[in-house]
Structure formats: C-alpha cells, structure tokens
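Please open the structure in your viewer and keep the selection tool at hand. We will go from one stop to the next, and at each one you will be told what to select and what to look for there.

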There are 2 protein chains.
Amino acid sequence: MNKENFSFVGKSLDRVDAEIKAEGRALYGDDLDFPGMLYAAAVRSPRPRIRIKSIDDSAARKVEGYAGLVSYKDVRGINKWPVVLNDYPFLPQDEARFHGETVALVAASSRRAAKKAASLVKINFEELPFIEDPLKALEKDSVKIYGKDNVISSFIIKKGDAEKAFKDCDIVIEKEFRTNYQVHAYLETQTATAVPESGGEMTVYSSTQCPFYVLDAVAAACGLPNNKVKIIQSVTGGGFGGKEDVPALVAAHAALCALKFKRPVRLAYDRKEDFMSMSKRHPSWSRVKYGADKNGRIKACKVKYVLDAGAYSTLSPIVLWRGTVHAAGPYNIENIEIETYAAATNKVPCGAYRGFGQPQICFAQESLIDDLAEKLAMDPIDLRMKNMLKTGDRTATGQKIDDSCGLKELAEIVRKKSGWDKSKVQTNGDKRRALGFSCVYYGVGLGAKGRYLDRAGAFVNIYRDGSVQVNVGNTEMGQGALTVLSQIAAETLNAPMKNIKLSEVDTSKVPDSGPTVASRTTLMSGNAIIEACLPLRENIFSCAASMLKAGKNQIKAFGGFFYFGKRKVSFEEAVKECWAQRLKMSEQGWYVAPKTTFDIKDGQGDAYVIYSYSADIADVEVDIKTGEKTVHKIYAAYDVGRLINPKLAYAQAHGGILQGMGWAIMENLVIKDGIMRNPNFTDYVLPISTDVPEYDISFVEKLYKHGPYKAKGMGEVPLIGVAAAIRNAVKKACGVSLTEAPMLAEKTLKAVKEKK
Amino acid sequence: MNKENFSFVGKSLDRVDAEIKAEGRALYGDDLDFPGMLYAAAVRSPRPRIRIKSIDDSAARKVEGYAGLVSYKDVRGINKWPVVLNDYPFLPQDEARFHGETVALVAASSRRAAKKAASLVKINFEELPFIEDPLKALEKDSVKIYGKDNVISSFIIKKGDAEKAFKDCDIVIEKEFRTNYQVHAYLETQTATAVPESGGEMTVYSSTQCPFYVLDAVAAACGLPNNKVKIIQSVTGGGFGGKEDVPALVAAHAALCALKFKRPVRLAYDRKEDFMSMSKRHPSWSRVKYGADKNGRIKACKVKYVLDAGAYSTLSPIVLWRGTVHAAGPYNIENIEIETYAAATNKVPCGAYRGFGQPQICFAQESLIDDLAEKLAMDPIDLRMKNMLKTGDRTATGQKIDDSCGLKELAEIVRKKSGWDKSKVQTNGDKRRALGFSCVYYGVGLGAKGRYLDRAGAFVNIYRDGSVQVNVGNTEMGQGALTVLSQIAAETLNAPMKNIKLSEVDTSKVPDSGPTVASRTTLMSGNAIIEACLPLRENIFSCAASMLKAGKNQIKAFGGFFYFGKRKVSFEEAVKECWAQRLKMSEQGWYVAPKTTFDIKDGQGDAYVIYSYSADIADVEVDIKTGEKTVHKIYAAYDVGRLINPKLAYAQAHGGILQGMGWAIMENLVIKDGIMRNPNFTDYVLPISTDVPEYDISFVEKLYKHGPYKAKGMGEVPLIGVAAAIRNAVKKACGVSLTEAPMLAEKTLKAVKEKK
C-alpha cells in the first residue's frame, strides 16, 4: 500500500466527535438520567489503617430520601475485585487499609442526601499500626501489611554479568533517584451508573478506559454470569490510566447498590474523594548504576527500582514489569542486572498512569546517562548515539530490535532542530537557560505480562444504505481513537468517512478486547477492524467490479468511489448491489498480537511485539534566585510507525509533553502520617495554559509490518522522556544534578545554593 | 446427526422467557420509562375519504402540558412509508383515505393530556366519494382511488390449459366464497417509544415482529442514515402478523414527534384505535372451479381470488402472492389457471395475518373439494388422497416436491385417530355432530416474492466464563423463538442451556435479517446461529480434545460436557482454554435461503424453498334450531420437519387452531358506510377459554436437508385448514354447503332453514 494512494489514512482529518463535544451535546457519565435513579455516596476510612468493628447508620436513616447502607454483606458474588492478584475487597469486612478507602456505601434519592447520609454513618474502629514509606516497608522488622514481606511483586532481569563487567569499566556512576505521585487530573471524575434490568441483568454506564475490566468486576460483585452484565462506556472525559482499573471498583459499588435497592444508582465522585481514593502514578525510589569504558561504550547497567504500590496490589505488578523491562534505557548493553519491587504501604493504591512505570525509571536512567557523559566529558547525545538501540541490537531482555527503529534519526532531528551543537548556556541576570536531552524506547501494547489479554475484536456492519457501524472494545477517552479507527475502517472498505459511525464501547457487541492502555488501541482495534472489513471489502470490491464490467484487479478504489475507465460507481451503489445479492455485510473481526515471552527466572524474552521511540530536547530557563523554571520549548521527535492521523498525533504529543512537564516540575501530592494533605487543584498545582511551552514536533515513520497500515502506538511515548530532558537542561543551565521529581523551585534553589 | 444423540434439540424444554413473563417482570413497550418522556396521540380522519384543507390545534394549545402538533410538514426525510409499493405517506398532506387514518399527531406531558389535545384538534376537510366494496372497486365505472383501475396488485398462474381440460372432465364444480376480516387481537396494542440521542441518532423501542422494517421507516421519516437509527424490540405481547408492517408506522410517528420535541416520545394505541387503523386479515372473495374425471382424478382448477386491500397497498401484494401460489390446494393438478387481485377500498389497510392470504383461499378450495367429493359420491379423504401432492409431484407453480413431504401420512393419521371411516352423523335432539376434513401445504419462508429479504444474521459471543450471548434479527413475540433458537445454539456449541442468553432484537447487533414472518424464524435464524457457532464449535471442540489428550474425532460431546474414556471436561473449561489461547470466541453468522423463482408471466417457478403440511379433522356439533356450533375436537397432524421443541410445537398448534376456529365461526368485524362499527372486544367476539376444543395433535417429522437440525417451519400452518375442516363437518352434520366465513350461527340457521 503506497501512502500516496490512501484516501483517509495519513490525513489530518477532524475528530469525528469534535462537534458533539464542542457543542456540549456529548453526555458524560453524570449527564445521564434514568427514571427513579438513586445517588450513592461512599463512607470512607478516616484513618490509614483500621480494624472495622461495626458500621452504624442510625443517624443516616433520619436523612430524607435515605435508601440504605451497602456493606460487604451485600456482595452477592466474591468479595475480591478481580485485578491481577485479587487482594482488594469490593468492600472491606475487617480491615480498611488506607485513608479514604470505601468502607461502605449509602444511597439516597438525591446527591445531597446521599452525601449527608454518608457523613452521618459512623464507623466504629480500632486504629492499627500503618506503613507510609515503601523502603521501610521492605525492611525486615517492618510492620507486615502484605504477605510476609510487604512485597506485592518483584522482577529481575539478568543478562550477562553486570557485577563482573563493572570491574572492567573505566567509569562507573551510581545514584539514587526519587519521584513522587502524579494525579491523573482527568476533567471527568470517576462516575458510574448501574441500572438493574428486568431479567436480572445489570447494565452499567461507566466512564472508563477498560469496559471489560468493569464487566469482570460487576459480574464478580453481583454474582452474575458475564452474559448478564453489559457495560456501556459513557463519553469519557479523560483517562491517562486513571480510568483503567479503578472505574471497575466504582462500577461494582454502583451495581451493588442497584442490586440491593432495585433501582438505577449513580455513583459520581467529587474531586476530593477522587484524589483520595483513586489510583495515581506510583512514587518511586531507584538506584541506578552505569559503567562504561573511556570511549563511552556502556558495558554494564544495574538498577534497583522500588514502587510505592499503596494498600492493595491493583495493577502494580504490571506497572512494575513495564518499568523493569525498560529500566536500562534504550541502549545496547551486554551486562544488565535489574531488580524491582512493588512495596505495600497504607496509602492510596497506585496504578496506571501514561507511561505505566516507565517515566519514573526513565527519569533516573536518562538523568544518570547525562551525568555519565559529564564524567566522560562527552556530549550527552554523542554518548547516547554510541550506545543507542538500532536494528539488530538486543534489548535488556535479549529481544532483537526489529527494522522498525528510528531512534537514531529522532536524536539527529531534535539535535539539528534545536541547534544543540552550537548551543551554550545563556545567562540573563539571574536566569540560566540551556538544552537537555533524553531518549526513550517504548514497548507497544501489553507485552508478555499481559499476553493473554493481547487480542481485540471489532464488529463492522454495513447497512443497506451504505452507512457503516463499527464497534470495538477499546475506548475513546479524548485521545482520538474514534477518528483514527474510523479512518482505518473507511480506508479498508473504501467508504466515505461520513458513512462510518464508531461509538463508545458496548461490551455486548464485541468480545473482550483487553484494556485501552499501553498505546495499543490503534494497533489492536485497528487490526481487528481490518480483519472484520476484509471479507466485506472483498464482497464490495467484487460487486463494484462487476457493476463496472471490469476485473476485480482492474478497478481503482479511492475516496468512496470505484473507477474503471470513465465509469464510476459509489460505495453506496456497490453496497446496495451486495445486499441485492444477499452477500454478507456484517463481520466480527478478531486480532491476536504476535507472541511475546518473558522468562520469570532471568527476565529474558521478546517482551513486546514492537517498540516506538522518542527523543526530546528541553529548552529550560532556571531562575537561580528562586529555583523557578520556565520550559520554553520542547523539541520532540517520534517514531510511532505510520501516522494514521498526523493532527491527532501532534495533539497526543502536546498533551503528553505537558503532562510530563507537570510531573517533572510542578505536581506535588503530599501524604503525611498516612493522610493526603492537598487533594484539590488549589494545593496540587497543575500546568495551566500560561505554562505551555512551545512545541517543535517531528515524526519519522518507521513502518511496522504487523501494524494497521503499518502503525505502531503513540499514546504514552511523548510523556516518558520529558522529565529527564528538563532535568538535564537544568543541570546544564546551573550545574546541579537533581535526583528528585518534581523538581520544585525550592528544592532546586536549595541545590543551587549548596553547590555554591 | 442422529436424533437420539441430541442434548437439547428435540427436547420439550421450558420456555426460557417463561419466568420473567409469568412473574410480570418482562417490560412490554408501555412499561418502559424515560426521563422527560412525552406522550403522543393520533389525530385521526373522521371519515372514509377526505381532502384535508387545514389542521387547527388552537383549542389543543390550551391543554396543560401540550407540546405541539406534528403533521406532514415535520417529516424530515421522505413522506412515504417504505413498504413494498411505498404509497402510504407517514402523514397525509392532501388526502386521508380511510376512517381512522392518522392525519397528525399531538404530544403532551401525559397520556391523558395528549388524548385530550388530540380530541380538540380540528381537521378542516372536504369529504370525497369513497369505495367500500372491493368487487365494485374493480368495476370499470367505479370511483378511482388507486391508480387507473383500483388494482394494487395482480398475479396469474397458468399451467397446462384449464379451460380445455374442464371440457374433458366428467364432473365440474364451481362456487363463490367470501371471508371477512380477522383482527389480530394481540394482548399488547401497538406501542413505540422514540428516544432522540445526543449525537443526533434515534433509538426506538418497538413492539414489533420486524425491527428492520421499523428501522427503514424511522430512517426514512427522520431523514437519517441507517447507522444512526437503532431499533430495540421491547418484549412483544403477540404478533400474528399484526406486528409485521404496522409497528414501523407507529414507530415513525413516535420518532417524528421525538425529533420535533427533542424528548423521548411514547405512542401507545388504545384498543379502539388499534382496531380502527391497524392491519387486519384481508376480507376476500373468490370463485373456485374444479373438474375431475369420474374416478376422482382432478384434471383442472380455476381460481379467481380478490382481496380487499384497503386504502394503501402495504403488504397486500405479498399476501396476495402467497394466496395465489397456494390457491389450487395441495394437489397434483395438471391444468391450472389462477387470477388474483388486491383491490383498493377506502377502509383500513389489510396486511399480514398468520397464514398470509392462504387461509381465505384454502377455506374456499378445501370446501369445494369436499363438495366435489359429494358430487362424485366419494369419501372426501379418498378423493384427496387420490390427488394429493407427494414426492416428485409438481405444484401449481411447477415446483417439484422435495422428499420432505409427509402429507399422505398426516391424512392417514387423523383419519385413523378420529375414527373417520366408522364415523357417522350423530343426532342428539336438535344437535347434529360430524367430522370434516381439510389438508394444507404451506411454503415455508418468504418465497420468491421476498427472496431479496430471505437471509438472516446471528451474533454469537462466548464470554470467558462460558456464558453465551446470542443475538438474532428475528423476534420472539410469544411463539417461543428465544427457546427454540437457544436450543439450536446450545446443541451446536455443546453448551448448557442455562449458559445461553438470547434476547429481544437490537438492530445494532445483527444485520438486516428480514421479517419475523412466514414461519421462517427457526429456519433462517436457526441456520444463521449454526453458521456463527460452527467456527466457535471448532475451536471449543479442539481445545476440549487437547485437554482430554484425545483426537478431535475421538471425543464425545453431550449436555455441556466433553468425554474421552473416563475423563471429562466441561464446556466452561474448554471455553476458558480457548480464551487462554486467544482463540476467536465471537462470530457473526449469515444464512441465505436457497434460490427461489417466480415467473411473473405465468406464475411458474420454485416458489418456496420447502413446504410444511397439515391435515385437520374437525369434530363439530351444530344446533339446527339456533345455528350455533360447538367444535368438540380438532385432530391435527403436521409435517414441519424436525421438531426442535415438541412442547412449543404443540403450543403453536393449539394457538393456531383456536385462532382458525375464531375466524371460522365467531369473529365478525363490521364496517358499514366506511365506518368500523365494532372496534372492541365486546362487539367483536373472540374465542374464550370455554370455547377451546379438545386437541389431538400428531407430528410426522419429514426432515428438510437445509433446515437447522432439519427443521422446516411451524408458525402458520396450524391455522390454515381449520375453517374448511369445520365447514366440511357442518356440511356433513346438517347438509348445508356454507360458502362464507365467519360461519355465524344466524347464517347457518338460515341455510339450514332454506335447505328444508
């Protein structure tokens, strides 16, 4: 397929959902209305760790419109939320393990009444000793809150002999790094509405990235078979990983209320409780060590990486795994030793956040590489170029890099565009301005740890009038999936874009397609759509050819028309003929990702089906009198395979960069004595419009043979390297080697002062 | 497939929807509730034919809660309801053509307000001359209300040379027959609720047999592409043909209101307006002529058959066609001449009713065959046996009868069971009791006139827990489709019945599967389910075999388990393994009926894919002093191929017989001067529980090679022959040859008196 011949793929088409969203017609979770609906509110643990003795709702019963209390006793199925290790009860029976954990729910006829009632429910409890620090959690004599050692999950990668190799290195560098939480700050808080159906089925409208996770949880909580649970994704106002696992818990809570009260029940979080109880990017601690010869050839890498998982495991094992696989960075290194832990603490459980365990360790290792260059007195890009993964090289897990690898080109592009080679530290009064670099490789999709989930379905139905309905199992959450997937469907069928209708997910229309995470939607759902479209395309193209009195290979298809000589027929005409011939115009597609492997003993294997790449250069100014930073510009280049929609790819880049920047220098969630201190947007500071840097975005399209129209994946990669690029620019600007994110002004100031 | 080996097919399993319906949990159209819903009411033509000058709702505007008026001006698409000839406007602009026709709609915040408002809307009109009698409509000098000759549709069948053959016959008999309307009398009147969606889509909940007809109509009226219209069949309380075409009009009216008022709109008919304006069984007139040699070999048949179509064509052309094809009866006759007409009148449009144009002409021809036997002094069964269709014979359209033909056996069974050969007229005071016979062949499915629609889809989705969702495009309307189709899915997958969930139709889940009519559901949707299940079955059976460490052909599958030697695995275990292997567990099936043909010039061709058969003997007692009849017992035997669920087949027989009996002797709709006089269940008398005869039902399963598990179709055939069997019993009992249905007591009494 020649790019020039595409009608829809590769075009910067407008978002198909732009109008409905811009005009305010889109119905988000809390906009939906159902007759007789009740509102639920959570009763939350007031302390980091408690033994629950009893729950008393006698005061709540006096609230007008109060429907009742839902506790663990009302769980009809299994009181284990099904996420990886299944240790999180839907509602705790004996012990609540973090401040803000939902202990029970109340429902009432209005939101206000429900909140009031929840505030009046009294939890009688005994306080238990709790753990706040993940490193302390791993100490021998710590209080044990999870298993026998507070270790939720642990991985190793062992390739070559790092210890031995370090001994032969000319230069060895080792540092510790820390990163803090990041809050997803999606526009729409967690929201679910459960509607009990007359036949005993449960329908849940959920603001979610992962409707099938929601299905699993609702079925488990309600004790229903899967075919009696239907999840409909309401229009979703942002995800970033925050709508990956946790919406399932919220939905299950709503469903338990609906089951008990036999009425539709809405559970919509306010911002504070969303902060307090919903997943976050894991805080991390790491110790990274690189060794190189004097020419800058990196010989060995050793990493110890600890994630603060919080009170329950949720997605931590998988987040940790992604971090583990990528911990040594995008370099061809022969001797690698990586050891990683997810440690339990009595704090909010952390989970998925764009980058999924990679940004934290990337910050550490890409910072340390820069410091290594300094020690070697080499240009940091030159050092990286010398060691960078290229076609044929092997990753830390021993996976051979496919020919779809544009990393070096990306580095060259940003180097050139930013004027790196001629750039110097610019001084302007108290201000110091410089460039910093980082680069990233990113395994697209779920990889070996999620391989059983790495499949996706699509339903394509062509109506008699030539309008087309497409359903997939992956979600639109603002990233543009509906548009990109519509383009793929239109291209494959040669249908006009306006004929394609792709909607939010309905789990009763497509099989379990796994989660919408890991930049896998274009790849997986795109391929599933193509699978579904191909037999339909065959029928349509055959009919078109016979209508044109031409051979099937003689006709040209473009932009919704079929041509032969001077004759043409439209897509709609061809479809009409297919229907007249009673040809099949409806298919379920199914795509299974290529095999991946991971040997738990040494972490070796083909961890991911393919990698995307990025290179970032940050142009940062630091005020050395205040420590404040201004990110003037980010030069970024990406290899994400074919761009299905360049405009949307740029948008993904912009959002990812800004989110990475917020995490790097501004966002600072404070938990002290097990209590979250700033669960709001006044005290938790996010980048706003005035903080937005200038963007210079480039793409190199290294095609991926198994990708839909040879695309890879785009969603997460733009965020990952930003923090390290900023950190390295700060180092260049004012000579301080920061090891902690967020790089708050006051801390930078302190470092600058200490250096002097 | 050996019957004895089936786990689910052929078993008298309980209805899967029995509980929900018995417990009152099933939500019928008028039970559904939507926030902000308005109620619509129709403004109807007060006269049989009017020119509309203007519509004035100024009085209606004073009704509290009044939302507004919807007239032809509010049709956003094409003002032609798409049904065969598309002559029926959704809302008339200039002329209304029958008393009770919807001229406009009003909507208001309550049902009562809507009805009140509708009653206050004034139609300013001029009355036009109208036609009531279909035979007069066909006269040269009649008022022309449809085309140039008031003929909506006309067919001929010409085989051999009937005129010539009559001349060589020893006996020729010719009579005229008439039949009257029949009202469907479904429990649930016409109901639709249209819900405008935020993206401009329209969802309609409809009590319907034919969701795709509804889709076509709503799309046409609203000017929406098909993929923006979704029809969900609400649980449907009876159809019998009355929910075939007309729900589309009701739904389109609701949708036009919803479009205008941007709110959900319910349109639910009360019984009176349902009587007045919804389709009915066509009244008919026919002249039938048979000629035979003295040995009883029938040489020729001539039929003229006229249906009173009413004001618009709707389904009349197709109803007429089925009547045409079957008009000569189930006999091997070499010379046939059939000429049929659907005539336009200014009365309620008639359409589909169980039997679809066949019962009327069957009444005539099976009556006349009996009279022919009398003239020949032959036993009526002997005469029929001599001429009856058998394998290898050809029908009136020249179609060769397949080996799946049990007609003779059926006749023998009822003859034997009823003691026919020894039976005599029994006299008891004024009462005379005797047996009467009739037999029927019935083309299953849509046949050649509906061949473009003769395809069906099915969606089968197997969840990870082994629960199964099945969606089809044909409907449950009380006949048991959900159960029969669940049995077919369970059998094909070897899944436990309880794992199968089959719901009412959602047009966004399956492709246009044609209507649920013509006893085609088991055949078409059953085959589509099998098509969808086969590749899934392949995966499941393979996994089961490998789990059992056996070859795929070595394992035994029964009742939801797989066996090899002493080992077994369950369906759920095998499915779990399929999912672990990421095998496809979701398919869209598509079944296309074999080709049928009909030459419009002479009516020759393979009219239907296969035929079902029935034989009836009615045991009837007539009170010769009152003319009243008591149907004591009906002996009926059917060949409908494999019985998927015998209990449901018996239920179909019971219902069909009773409905046939009601039409034969009780139900009498009166239209006088163009106005319906008894649109209610007080004055239109239906059989009630005390009228139910004893049933003696038998089946002969002549397998149909293309049927799902070799089934044919069952829904309509039990009704068709009942009237003639009763009529022939009455003749035997008291010697009067009735030619009109319903055979009301007063008319029978008159005939008895005249005979004396």
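The tour of this predicted model begins with the two chains together and then moves into chain A.

**The two chains**

Colour chain A and chain B separately, and consider how one can be laid on the other: a turn of 180° with a shift of 0.1 Å along the axis places chain B on chain A with an RMSD of 0.1 Å. The two copies are thus related as by a two-fold rotation axis. Both copies use the same surface, since 100% of the contact residues of chain B recur in chain A. Select the contact next, to which chain B gives 53 residues and chain A gives 53 residues, and where the area buried between the chains is about 4,100 Å², with 53% of that area coming from carbon and sulfur atoms. Between the two chains there are 4 salt bridges, and you can look at the side chains of A:Asp216 and B:Arg464, which meet in a salt bridge at 2.5 Å, N to O.

**A strand and its neighbours**

Now select residues 298–310 of chain A, which form strand β14, where 10 of the 13 residues are buried. On one hand, strand β13 (residues 284–292) of chain A runs antiparallel to β14(A) and is joined to it by 9 bridges, with A:Gly291 having A:Ala300 as its bridge partner. These two strands form a hairpin with 5 residues between them, and in the turn A:Gly296 has a positive phi of about 90°. On the other hand, β14(A) pairs in the parallel sense with strand β15 (residues 335–344) of chain A over 10 bridges. To travel from β14(A) to β15(A), the chain passes through helix α8 (residues 316–326) of chain A, in a β-α-β crossover that is right-handed.

**Salt bridges across chain A**

Which residue forms a salt bridge with A:Asp74? Select A:Lys260, whose closest N and O atoms with A:Asp74 are 3.0 Å apart; the two residues are 186 residues apart, A:Lys260 being in helix α6 and A:Asp74 in the loop between β3 and β4 of chain A. A:Asp74 counts as buried at 16% relative accessibility, whereas A:Lys260 is partly exposed at 34%.

Go on to A:Arg415 and A:Asp379, whose side chains meet in a salt bridge at 3.6 Å, N to O. A:Arg415 lies in helix α11 and A:Asp379 in the loop between α9 and α10 of chain A, so the pair ties together parts 36 residues apart in sequence.

Finally, select the network of salt bridges whose members include A:Lys175, A:Glu366, A:Arg384 and A:Lys731.

How values were computed. Residues numbered from 1 in each chain as written. Chains lettered and ligands numbered in written order. Predicted model: local features only at pLDDT ≥ 70, side-chain atom pairs only at ≥ 80, totals over all residues. Heavy atoms only, no water. Buried < 20%, exposed > 50% of the residue type's maximum accessible area, 1.4 Å probe, protein only. Helix = DSSP H or I, 4+ residues; strand = E, 2+ residues; numbered from the N terminus. Pairing = 2+ DSSP bridges. Right-handed = clockwise from strand over helix to strand, strands pointing away. Least-squares fit on C-alpha atoms with pLDDT ≥ 70 in both. Contact = heavy atoms within 4.5 Å. Buried area = accessible area lost by both parts, 1.4 Å probe.
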